[in-house]
Amino acid sequence: MCGLGNQSVATEPWPITYRRDMTTKILVVCTGNICRSPMGEVVLRSKLAEAGIDAEVDSVGVSAEESGNPIDRRAQRVLAEHGYEVPRRAARRVTPQDLADFDLILAMTVGHARSLRDLAERTGADVSKIHLWREYDPKTDLGIAPGGAFGAGGALETDAGEHGYSNFYSSDGDFDVPDPWYGSADGFYDTLEVVERGADGIIDTLR
């Protein structure tokens with residue numbers, strides 16, 4: 001990976017035409033929708049509001065294992081400590097309708113992106129909407145391709161499919177937002193740092 005400032009951004013980095021007279025709908029996706037994706041939702045919504053950008057943000061999981069559960073207490077605590085308003089919400093699994101309704105779909109890991117691609121291909125949804133959160137992180141050189149993470153020039157253009165034992169849990173290192181769930185509370189600070197960098201990159205793209 002390259003260092004800071006080497007992010008490669010295409011001239012038209014969105015899979016849709018962004019219109020400032022319309023509300024852009026952004027969906028953030030992780031495994032169970034209790035840690036990374038709600039952190040992304042909360043941080044991105046706050047930063048969009050600060051920037052005066054009209055956008056709707058929601059989050060979901062690729063798995064139903066945490067459906068109905070609130071945001072992880074450790075994630076809530078770290079978000080609150082950093083001044084973010086933490087909503088009451090219940091985890092839910094992504095649906096085919098989500099893929100149809102949202103303009104930009106941000107996967108926290110390569111495995112999540114693969115799961116979303118599989119769902120999109122089964123249901124006829126637009127795969128070009130799917131991007132990795134870390135495409136927008138200036139500490140990576142993944143680049144942001146107009147055809148999405150799996151499209152021409154995308155970070156996963158040559159991706160062959162499943163990696164490891166599960167797309168839900170597999171990790172591809174620098175491509176992924178780190179999963180804090182298994183470790184101590186300190187891991188949530190590291191995750192928040194990556195989430196905030198990505199959110200700033202998304203804001204810069206929308207301006």
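Strands 1 and 3 run parallel and are joined by four bridges. Two strands are taken as paired if DSSP finds at least two bridges between them. Helices (H or I, at least four residues) and strands (E, at least two) are DSSP runs numbered from the N terminus. The structure is a predicted model, in which local features need pLDDT of at least 70 and side-chain atom pairs count only at pLDDT 80 or more, while totals for chains, interfaces and linings use all residues. Residues are numbered from 1 along each chain as its sequence is written, and side-chain values use heavy atoms, with hydrogens and water left out.

**The parallel strands**

Within the pairing of strands 1 and 3, Val29 stands opposite Ala107 of strand 3. Strand 3 is also joined to strand 4, by three bridges, and these two strands run parallel. Here Leu106 has His131 of strand 4 as its bridge partner. Between strand 3 and strand 4 the chain passes through helix 4, and this β-α-β crossover is right-handed. The term right-handed applies if, with the strands pointing away from the viewer, the path from the first strand over the helix to the second runs clockwise.

The side chains of strand 3 alternate: Leu104 and Leu106 point one way, Ile105 and Ala107 the other way, and all are buried. Buried denotes a relative accessible area under 20%, exposed over 50%, and partly exposed the range in between (1.4 Å probe, protein chains only).

On strand 1, seven bridges lead to strand 2, again with a parallel run. Leu27 has Asp58 as its bridge partner in strand 2. Strand 1, helix 1 and strand 2 form a right-handed β-α-β unit. Six of the seven residues of strand 1 are buried, so this strand is largely enclosed by the rest of the structure.

**Helices 1 and 4**

The expected span of a helix is 1.5 Å times one less than its number of residues. For helix 1, with 16 residues, the expected span is 22 Å, and its end C-alpha atoms are 22 Å apart, which agrees. For helix 4 (residues 110-123), with 14 residues, the expected span is 20 Å, and the end C-alpha atoms are likewise 20 Å apart.

The buried residues of helix 1 include Arg36, Met39, Glu41, Val42, Val43 and Leu44. Among the elements covering the buried residues of helix 1 are strand 1, strand 2, helix 2, strand 3, helix 4 and helix 5 (186-206), where contact means heavy atoms within 4.5 Å. After helix 1 comes Gly52, with a positive phi near 70 degrees.

Ten of the 14 residues of helix 4 are buried, so the helix is largely enclosed by the rest of the structure. Among these buried residues are Val110, His112, Arg114, Leu116, Arg117 and Leu119. Their cover includes strand 1 (24-30), helix 1 (36-51), helix 3 (96-101), strand 3 (104-107) and strand 4 (130-132). At the start of helix 4, a side-chain oxygen of Thr109 comes to within 3.3 Å of the backbone nitrogen of Gly111. Helix 4 is followed by Gly124, which has a positive phi near 80 degrees.

**Charged and polar side chains**

Side chains of opposite charge can pair when their charged atoms come close. A salt bridge is counted when a side-chain nitrogen of Lys or Arg lies within 4 Å of a carboxyl oxygen of Asp or Glu. The structure holds 14 salt bridges; three of them are listed below.

| Salt bridge | N to O distance |
|---|---|
| Asp72 and Arg74 | 2.9 Å |
| Arg134 and Asp137 | 2.8 Å |
| Arg207 and Asp204 | 3.3 Å |

Asp72 is buried, at a relative accessible area of 11%. Arg134 is buried at 8%, and its partner Asp137 is buried at 0%. Arg207, by contrast, is exposed at 60%. A network of salt bridges links Glu41, Arg45, Asp58, Arg89, Arg92 and Asp98; of these residues, Glu41 is buried in helix 1, and Asp58 is the strand 2 bridge partner of Leu27.

The loop between strand 2 (55-61) and helix 2 (73-81) contains Ser63. Ser63 counts as buried at 7% relative accessibility. The side chains of Ser63 and Glu65 are joined by a polar contact of 2.7 Å. A polar contact is a pair of N or O atoms within 3.5 Å; within protein, one must be able to donate a hydrogen and the other to accept it, and residues adjacent in sequence count only if both atoms are side-chain atoms.
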